[in-house]
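Please open the structure in your viewer and set side chains to be displayed on selection. The tour below proceeds one selection at a time.

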Amino acid sequence: MFRRINKNMIIIILLQLVLIYMVLNYNVSNTEQTYSRHNINEDDKKSARSLTKYIFNCTNINNIRLFKYDIGGGMSKSIDIGTFEGETVVVKRLSPRKNPKERNAQFREVLFMKDILMRDQLDHPSIIKMLGFCVNHLKHDLNIYKGYLPFGDISAVYEFGQEFKIAKVKFKIEERLNHAVDLADLIFYLHHSPLGSLKLVDFLPYDHFLMVKGKIKLIDLDYISNVEPSCEFSTGCAYYNITCQPLNNYEIQYTNCKSISNCTIGVCRGTNLKHNLARFTESFFVHLLKPELYPLDMQDKLLQLLQRLEKHNIHIDDILDELRDIKQAYARH
C-alpha cells in the first residue's frame, strides 16, 4: 500500500542528526574553553552553557561514578547506575556483548539512536528526562581506521527511577488521581506531539515505566510510531470503530495514487490514540480509578468513566476534563 523507505537512507539521516548535535555540544565546550583562556566572567560562562540543554556530552560523560553495572536493558542495551554531583543517574550503552542473531548491528544502532532523537524532540513531564548523550563512533565505521582501535560507543544518560507494580502500590486517593491526570495528559500529548499522533507499539507497564521522584514516567521510545494504519475504503478499518478517512496531501506521496479524488487507499486516523487509551486503561486506569477505593458519592462517576474507557467511546479531551473534575470534587471533601 505504502512505498517502502530505503533502510540505509533512514540510517544515514539518523546518523546525520546525531552528528549535528555532537557538533553543537562540541562548539559549546570549545566556547567555554575560550572564555576561560580570556578570563571572561562567570555570567558569560553560564550563558555559554545555556546554549545546550544537556548536562552531559562526550567531554564529561566519563565523570559519572558508576556503582552498578549491566543491570538490564534487554537484547541490545546495557544499563549502569552511577552518581554525578550527588544525583543518581542511569547510563545506557549499546552493548557489544548483546548481539542476538536476529538483531544485526545497524538495526540495534538505529533503535538506540531513534530513542535518543525521540527524547530530544519530545518534552513532557511524564517522559523520562534525558540528561545528555555521546556518540564516539559506530562499530561498522572502525574498518576505515588502521592500528589500535577503541570500541565503538553510543551512550545516553537519563534521570534515575524505581521499578514498581501499579497493582501492588498502596497509593493515597489524592496520589491515584494525580497519577491518573498525569497519564491522561501524557496520552493527550502523544496524540498532539510535534511528530504527529504517536503510538506506543511496545507497551509493557513493568518494563517501560518507572517511578521518578513520585511521578510515573515513560522510559522507552525506541518502538514508537507516528504512522496510522492504512485501509481500503471498500473494507474500512478493523479496530476501534474508526472509519477509513481520505489521505492528506503529504500522506498520498507515499502511495501509488495519482490524486486524492480517485484514490481507494485511506488511513485509519485516530488508531494510535485509541491504541494508547486501551493500553493505559488496562495497565493503569483500572487500578488507579478502582471505584471501591473512593468515597461513595464518587464511585458511580468513576465506574461510568471506566466503562467508557473499556468500550473505546470516549475522547482524550473528555477523559482529562472528567478526571480534573473528579480531582477537584475530592479536594472539596
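Begin by selecting Phe280 and Phe284, both of which are buried in this predicted model. The two residues lie in helix α6, 4 residues apart, about one turn of the helix. Their ring centres are 5.9 Å apart and the planes meet at 35°, so this pair is classed as tilted.

Next, keep Phe280 and add Phe203. These two rings form an edge-to-face aromatic pair, with 5.0 Å from centre to centre and 75° between the planes. Phe203 belongs to the loop between β6 (199-200) and α5 (205-208), whereas Phe280 is in α6 (residues 271-288); the pair therefore ties together parts that are 77 residues apart in sequence. Phe203 and Phe280 are both buried.

Now add Phe209 to the selection. Together, Phe203, Phe209, Phe280 and Phe284 make up one aromatic cluster. The structure holds 10 aromatic pairs, the pair of Phe203 and Phe280 being one of them.

Then select the whole of α6. From its first C-alpha to its last, this helix of 18 residues reaches 24 Å, close to the 26 Å expected at 1.5 Å a residue. Centre the view on Thr281, where α6 bends by about 55°. Of the 18 residues of α6, 14 are buried, so the helix is largely enclosed by the rest of the structure.

Finally, select Lys92 and Tyr158. What sits over the ring of Tyr158? It is the charged end of Lys92, 5.2 Å from the ring centre.

Key. Residues are numbered from 1 along each chain as its sequence is written. This is a predicted model: local features need pLDDT of at least 70, side-chain atom pairs count only at pLDDT 80 or more; totals for chains, interfaces and linings use all residues. Side-chain values use heavy atoms; hydrogens and water are left out. Rings of Phe, Tyr and Trp (its six-membered ring) pair if their centres lie within 6.5 Å; planes under 30 degrees apart count as stacked, over 60 as edge-to-face and the rest as tilted. Buried means under 20% relative accessible area, exposed over 50%, partly exposed in between (1.4 Å probe, protein chains only). A charge sits over a ring if NZ of Lys or CZ of Arg is within 6 Å of the ring centre and within 35 degrees of the ring normal. The expected span of a helix is 1.5 Å times one less than its number of residues. The bend at a residue is the angle between axes fitted to the seven residues ending there and the seven starting there.
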